[in-house]
Amino acid sequence: MQVGNNARPRVHQNVLMDLARRILSGEIPAGSLLPSMQELSDELGVSRSAMREAIKVLSAKGMVEVRPRTGTRVRPRATWNLMDPELLSWSGPELDQRFLTSLLQCRLLIEPGAAALAAANATAAQLAVMEDAFHRMQNAKTLGERVEADLDFHVAVLSASGNIFLEQWGSTISSVLLAAFRISTETAMSGDEAFSVHGEVLEAIRMRSEQRADRAMRRLLTVAAKDLHVGAKEVKKVS
C-alpha cells in the first residue's frame with residue numbers, strides 16, 4: 001500500500017524536506033544535476049530506497065526530472081506546482097517577494113470580476129456563508145482564527161460567482177491564499193481598514209451592485225498589497 005503525504009515514514013519525510021528546501025533556496029539551482037543516488041544516500045545517511053521515494057515525490061511536483069543514464073536534473077521554477085500545500089510548507093514561514101507579487105497580480109485579475117459576478121448570482125445560502133466568515137473575522141481571538149475566516153470569505157465570494165472555473169480556482173489556490181493571509185495579517189499596518197473593506201465587499205454583493213463589488217474588491221486587494229509590502233507600481237500594472 002502506498003504511503004500518503006501525511007503518513008510517510010519520518011526518515012523519508014526528512015529526506016524529502018531536505019532536498020526540497022535545497023532546491024527552493026537555490027542551493028541546488030535549476031538546470032543542475034543532483035548528486036548520484038549513492039552520493040545522496042551516503043550524505044544523508046539513508047537507504048537508496050528512501051532516496052528513490054523522495055525523488056519520485058519531487059518529480060511528481062515538477063521540481064526534478066529523472067533521465068536514464070543522465071541523472072536527476074532540477075527543473076525550472078515555472079514547472080513546479082507552486083500551489084501544492086506541501087511545497088508551500090517547505091518554503092518556510094515567508095514566501096519570497098516575487099511569489100507574493102505574482103499572487104497579488106493574479107488575484108487582481110480574477111477576484112474583482114468574481115465579486116461582481118457574486119453580486120449578480122449569489123444565493124441566500126451563499127450570502128450567509130460570506131456573512132458568517134465576515135463575523136468570524138470580526139470576533140476572531142487568534143491569528144489563526146482570523147486567517148481562516150479571511151480565507152473562507154474569499155473562497156465564498158469565488159464560489160458565489162456562479163462560475164465553475166472560479167469556484168475550482170478558489171479550492172485550488174486556498175493553500176496559497178492561507179499562507180499569504182498569514183503573512184499579511186502578521187505584518188498588517190491596516191488591520192482595521194482591511195476589515196472595513198471586507199464589509200464593503202459583502203455589502204455590495206448583498207445589495208446586488210456589481211460595480212461596487214468590483215471596486216470594493218480592488219480596494220481590498222490594494223490594502224493587501226500594502227500589508228504584503230508590494231509596491232503601488234506593481235499593483236497598477238493590473239489594476
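Here is a walk through the structure, from the overall fold to a pocket, a ring pair and one residue at the start of a helix.

Keep in mind that this is a predicted model. Start with the big picture: the secondary structure adds up to 11 helices and two strands. Follow the chain along its sequence and you get the pattern α-α-α-β-β-α-α-α-α-α-α-α-α, with the two strands coming after three helices.

How much of the protein counts as buried? Of its 239 residues, 41% do. The protein exposes about 12,700 Å², and carbon and sulfur atoms supply 53% of that area. As for how the chain meets itself, take the contacts with a separation of 6 or more: 71% of them are between residues 24 or more positions apart.

Now for the pocket. The largest one has a volume of about 330 Å³, and 13 residues line it. If you want to find its centre, look for Leu82, Arg98, Phe99, Ser102 and Leu103, the lining residues that lie nearest to it. Which helices each bring at least two residues to this lining? They are H5, covering 97-121, and H8, covering 164-186. H5 supplies the largest share, with five residues. By class, the lining is made up of 10 nonpolar residues, one polar residue and two charged ones.

Next, the aromatic rings. The structure holds one aromatic pair. Its partners are phenylalanine 134 and phenylalanine 195, and they are stacked, at 4.5 Å centre to centre with 10° between the planes. The planes count as stacked because the cut-off for that label is under 30 degrees. This pair ties together distant parts of the chain, as phenylalanine 134 belongs to helix H6 and phenylalanine 195 to helix H9 (residues 191-206), 61 residues apart. Are these two rings' residues buried or exposed? Both phenylalanine 134 and phenylalanine 195 are buried.

Stay with helix H6, which runs over residues 124-139 and includes alanine 124. Why does alanine 124 count as exposed? Its relative accessible area is 65%, and the exposed label applies to anything over 50%. Alanine 124 also gives you another long jump along the sequence: its C-alpha atom is separated by 9.1 Å from that of arginine 206, although the two residues are 82 apart along the chain. Arginine 206 is also where helix H9 ends, given its range of residues 191-206. So helix H6 holds both an exposed residue, alanine 124, and a buried one, phenylalanine 134.

Note on methods:
Residues are numbered from 1 along each chain as its sequence is written. This is a predicted model: local features need pLDDT of at least 70, side-chain atom pairs count only at pLDDT 80 or more; totals for chains, interfaces and linings use all residues. Side-chain values use heavy atoms; hydrogens and water are left out. On a 1 Å grid over the protein atoms alone, a cavity is a set of points where a 1.4 Å probe fits but cannot get out, and a pocket is an open set with protein on both sides within 12 Å along at least five of seven lines; lining residues have an atom within 4 Å of a point. Grid points are joined across faces, edges and corners, and a volume is the space filled by probe spheres set on the points. Helices (H or I, at least four residues) and strands (E, at least two) are DSSP runs, numbered from the N terminus. Ala, Val, Leu, Ile, Met, Phe, Trp, Tyr, Cys and Pro count as nonpolar, Asp, Glu, Lys and Arg as charged, and the others, Gly among them, as polar. Buried means under 20% relative accessible area, exposed over 50%, partly exposed in between (1.4 Å probe, protein chains only). Contact means heavy atoms within 4.5 Å. Accessible areas come from the Shrake-Rupley method with a 1.4 Å probe; for residues, only the protein chains shown count as cover. Rings of Phe, Tyr and Trp (its six-membered ring) pair if their centres lie within 6.5 Å; planes under 30 degrees apart count as stacked, over 60 as edge-to-face and the rest as tilted.
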